[in-house]
Amino acid sequence: MPIIIRAFREADVPEMLEIWNDIVEEGVAFPQEELLTLEEAKAFFEEQSYTGVAVENGEILGLYIVHPNNIGRCGHIANASYGVKSGQRGRRIGERLVVDSLEVAGNLGFRIMQFNVVAVTNKGAIHLYKKLGFTPLGIIPNGFRQKSGDYVDIMPFYIEITDK
């Protein structure tokens, strides 16, 4: 069966939690430091503007969340986070998640997608975002503290979401 991207379901949360917590535990991409419990994960994924999953043969291979990057006069700018299951990376699942998230964000009324924290060591994400037309906004020196305690630069990105 092909990989499909769809809205998450409550039954997906245990697999999503594993993906999310693995990335948090790696300490090189997500800014979060605390692992989520199952109850926290359920609430977290439900409170997003949208949470999507990549599914193949009933297995969750990746996920994304979309939510406002800010409030009020900047509420038209979305932010998103993406996670691909360890062992499934390199299959272009992340690309499919990003593309789907842009469509979903546009359908939700967002006009811009902005990524605040992309560590410069995350070469795969940087390559993907540039490939998809995102614009880098410069470098913030030492903006991300990795699990090792080392600080690395971050490169924010944005893209205007085209109207359908």
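**Pockets, helix α1 and the surroundings of Q88**

The lining of the second largest pocket is made up of five nonpolar, four polar and four charged residues. In this predicted model, that pocket holds about 190 Å³ of space and is lined by 13 residues, with G27, P31, Q32, E33 and R145 lying nearest its centre. Two or more lining residues are given to the second largest pocket by each of α1 and β7 (140-145), and β7 makes the largest contribution, with three residues.

The largest pocket encloses about 850 Å³ of space. Its lining comprises 36 residues, among which A29, Y82, N122, A125 and Y129 are those nearest the centre. By residue class, the lining of the largest pocket divides into 20 nonpolar, 11 polar and five charged residues. At least two lining residues are supplied by each of α1, β3, β4, α3 and α4 (123-131), and the largest share, six residues, is that of β4. Helix α1 thus appears in the description of the largest pocket as well as in that of the second largest pocket.

Helix α1 covers residues 13-26, and its 14 residues should span 20 Å at 1.5 Å a residue; the C-alpha atoms at its ends are 20 Å apart, so the expected and computed values agree. The residues of α1 that are buried are V13, M16, L17, I19, W20, N21, I23 and V24. An α-helix has 3.6 residues a turn, and therefore residues three or four places apart point the same way. The buried residues of α1 pack against one helix, α2 (38-47), and against the strands β2 (50-56), β3 (59-68) and β4. After α1 comes G27, which has a positive phi near 70 degrees; G27 is also one of the residues nearest the centre of the second largest pocket.

Strand β4 (77-84), which gives the largest share of the lining of the largest pocket, precedes the loop in which Q88 is placed, and this loop leads on to α3 (93-107). Q88 counts as buried because its relative accessibility, 16%, falls under the 20% cut-off. The side chain of Q88 forms a polar contact with the side chain of R91, at 2.4 Å. When neighbours within four places in sequence are left aside, the residues in contact with Q88 are L61 and I93.

Notes: Residues are numbered from 1 along each chain as its sequence is written. This is a predicted model: local features need pLDDT of at least 70, side-chain atom pairs count only at pLDDT 80 or more; totals for chains, interfaces and linings use all residues. Side-chain values use heavy atoms; hydrogens and water are left out. Helices (H or I, at least four residues) and strands (E, at least two) are DSSP runs, numbered from the N terminus. Buried means under 20% relative accessible area, exposed over 50%, partly exposed in between (1.4 Å probe, protein chains only). A polar contact is a pair of N or O atoms within 3.5 Å; within protein, one must be able to donate a hydrogen and the other to accept it, and residues adjacent in sequence count only if both atoms are side-chain atoms. Contact means heavy atoms within 4.5 Å. The expected span of a helix is 1.5 Å times one less than its number of residues. On a 1 Å grid over the protein atoms alone, a cavity is a set of points where a 1.4 Å probe fits but cannot get out, and a pocket is an open set with protein on both sides within 12 Å along at least five of seven lines; lining residues have an atom within 4 Å of a point. Grid points are joined across faces, edges and corners, and a volume is the space filled by probe spheres set on the points. Ala, Val, Leu, Ile, Met, Phe, Trp, Tyr, Cys and Pro count as nonpolar, Asp, Glu, Lys and Arg as charged, and the others, Gly among them, as polar.
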